[in-house]
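Open the model in your viewer and keep a selection box ready. The tour goes from the whole chain to single side chains.

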Amino acid sequence: MALLTLSLGSNLEPALHIHKALDGLAEVFGELQLSSVFESKAVGFDGGNFLNMVVAVDTDLPLAHISQLIKELETRHGRVRDQARFSSRTLDIDILTLGDLCGEHEGIVLPRPEITVNAYVLWPLSQVCPDCIDPHSGQSYRALWAAYDRQRQSLWPVDFHWRGQQISRAAV
């Protein structure tokens, strides 16, 4: 089994689409490890705020199969593929890591390069796998988040419930 981490984001009916994404992922992978849900301003374009989180699961599925499942889930929930890279989304799911894979595999670069660049990826990733080591820096995701310049991007936790449980709380 390998640890798979996925980044989820949405800024079009974001709570609805994050719920549906979690339901779909749980249907495929079973038990999910969930980060808090964070709200952030759109990066790279003018658009509504995003909800973002990271999900981790143990899986034996091959990367190509995982990628196909994710694309199907995004499409079922209204993802349009011919949009500009930086644009509003109903649902965006990115594969961040899969076990110790490093480099390009099945056309996917792992670990995903923006992990250490974007707060909306690094903070939640540091919650679900704090002691995992980023192969490029040799540091844990917890250490990378501790050293992150928090002035670069505005990001805050929000109240979020899924399947009757509060998985995230707004900062007080």
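Start with a cut-off: a residue is buried under 20% relative accessible area, exposed over 50%, and partly exposed in between. Apply it to Asp131. Its relative accessible area is 54%, so Asp131 is exposed. Keep in mind that this is a predicted model.

**Stop 1: the whole chain.** Show the cartoon. The protein chain has four helices and ten strands. From the N terminus, their order is β-α-β-β-β-α-β-β-β-α-α-β-β-β. The radius of gyration is 15 Å, close to the 16 Å of the globule rule for 172 residues, so the chain is as compact as a globular protein of that length. Draw a box along the principal axes: the C-alpha atoms fill roughly 35 × 35 × 35 Å.

**Stop 2: surface and contacts.** Switch on the surface. About 8800 Å² is exposed, and carbon and sulfur atoms supply 49% of it. Buried residues make up 48% of the 172 residues. Now turn to contacts with a separation of 6 or more: residues 24 or more positions apart account for 64% of them. Colour by charge next. The mean positions of the 14 positive and 21 negative charges are 5 Å apart.

**Stop 3: helix 1.** Select residues 14-29, which form helix 1, and pick Gly24 within it. Is Gly24 buried or exposed? It is buried, at 10% relative accessible area. Add Glu74, 50 residues away along the chain: the two C-alpha atoms are separated by 9.8 Å.

**Stop 4: a shared arginine.** Side chains of opposite charge can pair when their charged atoms come close. The structure holds four salt bridges. Select Asp94 and Arg112, whose side chains meet in one of them at 3.5 Å, N to O. Asp94 sits in strand 5 (residues 92-98) and Arg112 in the loop between strand 7 (108-110) and helix 3 (119-128), so the pair ties together parts 18 residues apart in sequence. Asp94 is buried at 15%, while Arg112 is partly exposed at 23%. Add Glu114: its salt bridge with Arg112 has closest N and O atoms 2.4 Å apart. Glu114 counts as buried, at 18%.

**Stop 5: back to Asp131.** Select Asp131 with Arg142; their salt bridge brings the closest N and O atoms to 2.5 Å. Asp131 lies in the loop between helix 3 and helix 4 (141-147), and Arg142 lies in helix 4, eleven residues apart. Arg142 is partly exposed at 44% relative accessibility.

**Last selection.** Show Asp94, Arg112 and Glu114 together: salt bridges with shared partners join them into one network.

Note on methods:
Residues are numbered from 1 along each chain as its sequence is written. This is a predicted model: local features need pLDDT of at least 70, side-chain atom pairs count only at pLDDT 80 or more; totals for chains, interfaces and linings use all residues. Side-chain values use heavy atoms; hydrogens and water are left out. Helices (H or I, at least four residues) and strands (E, at least two) are DSSP runs, numbered from the N terminus. The radius of gyration is taken over C-alpha atoms; the globule rule is 2.2 Å times the number of residues to the power 0.38. Buried means under 20% relative accessible area, exposed over 50%, partly exposed in between (1.4 Å probe, protein chains only). Contact means heavy atoms within 4.5 Å. Accessible areas come from the Shrake-Rupley method with a 1.4 Å probe; for residues, only the protein chains shown count as cover. Lys and Arg count as positive and Asp and Glu as negative; His and the chain ends are not counted. The place of a charge is taken as NZ of Lys, CZ of Arg, CG of Asp or CD of Glu.
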